[in-house]
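Me: I would like a close look at a single part of this structure, worked through residue by residue and then set among its surroundings. Please keep the reasoning explicit where a classification depends on a threshold.

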Amino acid sequence: MPERSRGMIARTYMYFEAAYPKYKMSRQQHQLMEAWDKQYPVTKWECERSEKIEKAQGNKNPVLLSRCH
């Protein structure tokens, strides 16, 4: 896995935690995902992908919402 993928992986885990209340990361895992999120910022492609998914599903990604605008 390329290191640059870590940000997208982190935001995927963070989305799952926000969207699915039964899914809960451990404190250590949450800290790692937050670090990766900061270390590897959102890309233009990731924001464009999120917009396309929003149009298809009708709901916004709460994790990417503040990072893409």
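Reply: In this predicted model, a good place to begin is helix 3, where Glu46, Cys47 and Ser50 are buried. These residues cover an arc of only 95° around the axis, which puts them on the same side of helix 3. The face turned away from that buried side carries the exposed residues Lys44, Lys52, Lys55 and Ala56, while the cover over the buried residues includes helix 1 and helix 4. Helix 3 has 14 residues, and the distance from its first C-alpha to its last is 20 Å, close to the 20 Å expected at 1.5 Å a residue. Just after helix 3, Gly58 takes a positive phi of about 85°.

Of the buried residues, Glu46 deserves the closest attention. The side chains of Glu46 and Arg11 meet in a salt bridge, with 2.8 Å from N to O; this pair links distant parts of the chain, since Glu46 lies in helix 3 and Arg11 in helix 1, 35 residues apart. Both Glu46 and Arg11 are buried, and for Arg11 the classification follows from a relative accessible area of 4%, buried being defined as under 20%. Beyond this bridge, the side chain of Arg11 reaches the backbone oxygen of Tyr40 at 3.0 Å. Leaving aside residues up to four places away in sequence, Arg11 touches Asp37, Tyr40, Pro41, Val42, Glu46, Val63, Leu64 and Arg67.

The partner helix can be read in the same manner. In helix 1, Gly7, Ala10, Arg11, Met14 and Glu17 are buried, and they cover an arc of only 115° around the axis, which puts them on the same side of helix 1. These buried residues pack against helix 2 (27-39), helix 3 (44-57) and helix 4 (62-65). For the 14 residues of helix 1 (residues 6-19), a rise of 1.5 Å a residue gives an expected span of 20 Å, and the end C-alpha atoms are indeed 20 Å apart, which agrees.

Returning to helix 3, its charged residues also take part in other bridges, and the structure holds 5 salt bridges. Lys44 forms a salt bridge with Glu48, the closest N and O atoms being 3.9 Å apart; because Lys44 and Glu48 are 4 residues apart in helix 3, they are separated by about one helical turn. At 65% relative accessibility Lys44 counts as exposed, whereas Glu48, with a relative accessible area of 38%, is partly exposed. Glu54 forms a salt bridge with Lys60, where the closest N and O atoms are 3.0 Å apart. Here Glu54 is partly exposed, with a relative accessible area of 27%, and Lys60 is partly exposed as well, at 48%. Separately, salt bridges that share partners join Arg11, Asp37, Glu46 and Arg67 into one network, so that the buried pair described above, Glu46 and Arg11, belongs to that network.

Methods
Residues are numbered from 1 along each chain as its sequence is written. This is a predicted model: local features need pLDDT of at least 70, side-chain atom pairs count only at pLDDT 80 or more; totals for chains, interfaces and linings use all residues. Side-chain values use heavy atoms; hydrogens and water are left out. Helices (H or I, at least four residues) and strands (E, at least two) are DSSP runs, numbered from the N terminus. The expected span of a helix is 1.5 Å times one less than its number of residues. Buried means under 20% relative accessible area, exposed over 50%, partly exposed in between (1.4 Å probe, protein chains only). The arc is that of the directions from the helix axis to the C-beta atoms. Contact means heavy atoms within 4.5 Å. A polar contact is a pair of N or O atoms within 3.5 Å; within protein, one must be able to donate a hydrogen and the other to accept it, and residues adjacent in sequence count only if both atoms are side-chain atoms. A salt bridge is a side-chain nitrogen of Lys or Arg within 4 Å of a carboxyl oxygen of Asp or Glu.
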